[in-house]
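Here's a quick tour of a protein model for anyone just getting started. Have a look at the sequence and the 3D view, then read on.

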Amino acid sequence: MAGARKNAPPREDVLAAAMDMIAERGLEQLTMAALGREVGMSSGHLLYYFHSKDELLLQALEWSEGRLGAERGRLLTRSTATARERVDAYVDLYVPDGHRDPHWTLWLEVWNRSQNADDDARDRQAAIEGVWHRDLVALIAEGVSRGEFRAVDPDRFAARLRALLDGFSIHVAIGLRGTDRAQVLGHVREFIDEGLLADA
């Protein structure tokens, strides 16, 4: 057993494999046994590292969010882009690519399981949500201070915009008929135009 642990693949490789499985086969096919076969580990060995499927899913989400966070940071710190262009980039990154987007599929499962999650898991989910919110608040505040956006309360506007994004993103991720990514982006841009643009 100790030798098997020593030869286990890096945790990041296991999390990447879990995300790949979600993308290729859907979340329902992601079992500990199937993931173990994918990475050359037993399901018991995976449980040794992750303790439960809930913990595996949350760690996979944190890993995926870390990658998205790095991309978000690059997009939001572009000095040549206006605040509005960066808000559009934020929205583009936020909204799922389409039906069964693996990141959003995972988010929906973690949200669903959070009804019975312990305080630590809830705190970790809140931390993920918090960085998205803080980045958007800072971006809106910057646009207001430069006169590019009208004088709104950045925190309040960000909360409303993220609620809109969450609702529409769920529709896209589950494949709700009549709601696709292009339509969602159009609705959100209209909301931003009406609510933020200084000359609107």
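Let's begin with a glycine: Gly-40, just after H3, takes a positive phi of about 75°. Keep in mind that this is a predicted model. From that glycine we'll go to helix H3, then to two other residues with a positive phi, then to helix H7, and finally to the pockets.

**Around helix H3**

- Helix H3 covers residues 32-39, and Ala-33 is one of its residues.
- Ala-33 has a relative accessible area of 36%, so this residue counts as partly exposed.
- Buried residues in H3 are Met-32, Ala-34, Leu-35, Gly-36 and Val-39.
- What lies over those buried residues? The cover includes H2, helix H4 (43-50) and H5.
- Here's a pair to find in the 3D view: Ala-33 and Gly-44 are 11 residues apart in sequence, and their C-alpha atoms are 8.5 Å apart in space.

**Positive phi without glycine**

- A bit of background first: most residues other than glycine have a negative phi.
- His-51 isn't a glycine, yet it has a positive phi of about 70°.
- You'll find His-51 in the loop between H4 and H5.
- Is His-51 buried or exposed? Its relative accessibility is 65%, and the cut-off for exposed is over 50%, so His-51 counts as exposed.
- Arg-100 isn't a glycine either, and its phi is positive too, at about 65°.
- Arg-100 sits in the loop between H6 and H7.
- With a relative accessible area of 38%, Arg-100 is partly exposed.

**Helix H7**

- H7 has 12 residues, and at 1.5 Å a residue they should span 16 Å. The C-alpha atoms at its ends are 17 Å apart, so the expected and modelled values agree.
- At the start of H7, Asp-101 has a side-chain oxygen that comes within 3.0 Å of the backbone nitrogen of His-103.
- Which residues of H7 are buried? They are His-103, Trp-104, Thr-105, Leu-106, Trp-107 and Val-110.
- Those buried residues of H7 pack against H2, H5, H6, H8 and H9.

**The largest pocket**

- How much space does the largest pocket hold? About 380 Å³.
- Its lining is made up of 24 residues, and the ones nearest the centre are Ser-64, Leu-68, Asp-101, His-103 and Trp-104.
- Two or more lining residues come from each of these helices: H2 (11-25), H5 (53-76), H6 (83-94), H7 (102-113), H8 (119-145) and H9 (154-174).
- Sorted by type, the lining of the largest pocket has 13 nonpolar, 2 polar and 9 charged residues.
- Asp-101 and His-103 turn up twice in this story: they form the contact at the start of H7, and they're among the residues nearest the centre of the largest pocket.

**The second largest pocket**

- The second largest pocket has a volume of about 220 Å³.
- It is lined by 15 residues, with Asp-54, Glu-55, Leu-58, Ala-117 and Ala-121 closest to its centre.
- H5, H7 and H8 each give two or more residues to this lining.
- By type, the lining of the second largest pocket splits into 5 nonpolar, 4 polar and 6 charged residues.

Notes
Residues numbered from 1 in each chain as written. Predicted model: local features only at pLDDT ≥ 70, side-chain atom pairs only at ≥ 80, totals over all residues. Heavy atoms only, no water. 1 Å grid on protein atoms, 1.4 Å probe; cavity = no way out; pocket = protein on both sides within 12 Å on 5 of 7 lines; lining within 4 Å. Points joined across faces, edges and corners; volume = space filled by probe spheres on them. Helix = DSSP H or I, 4+ residues; strand = E, 2+ residues; numbered from the N terminus. Nonpolar A, V, L, I, M, F, W, Y, C, P; charged D, E, K, R; others polar. Expected span 1.5 Å × (residues − 1). Buried < 20%, exposed > 50% of the residue type's maximum accessible area, 1.4 Å probe, protein only. Contact = heavy atoms within 4.5 Å. Polar contact = N/O pair within 3.5 Å; in protein donor to acceptor, adjacent residues only side chain to side chain.
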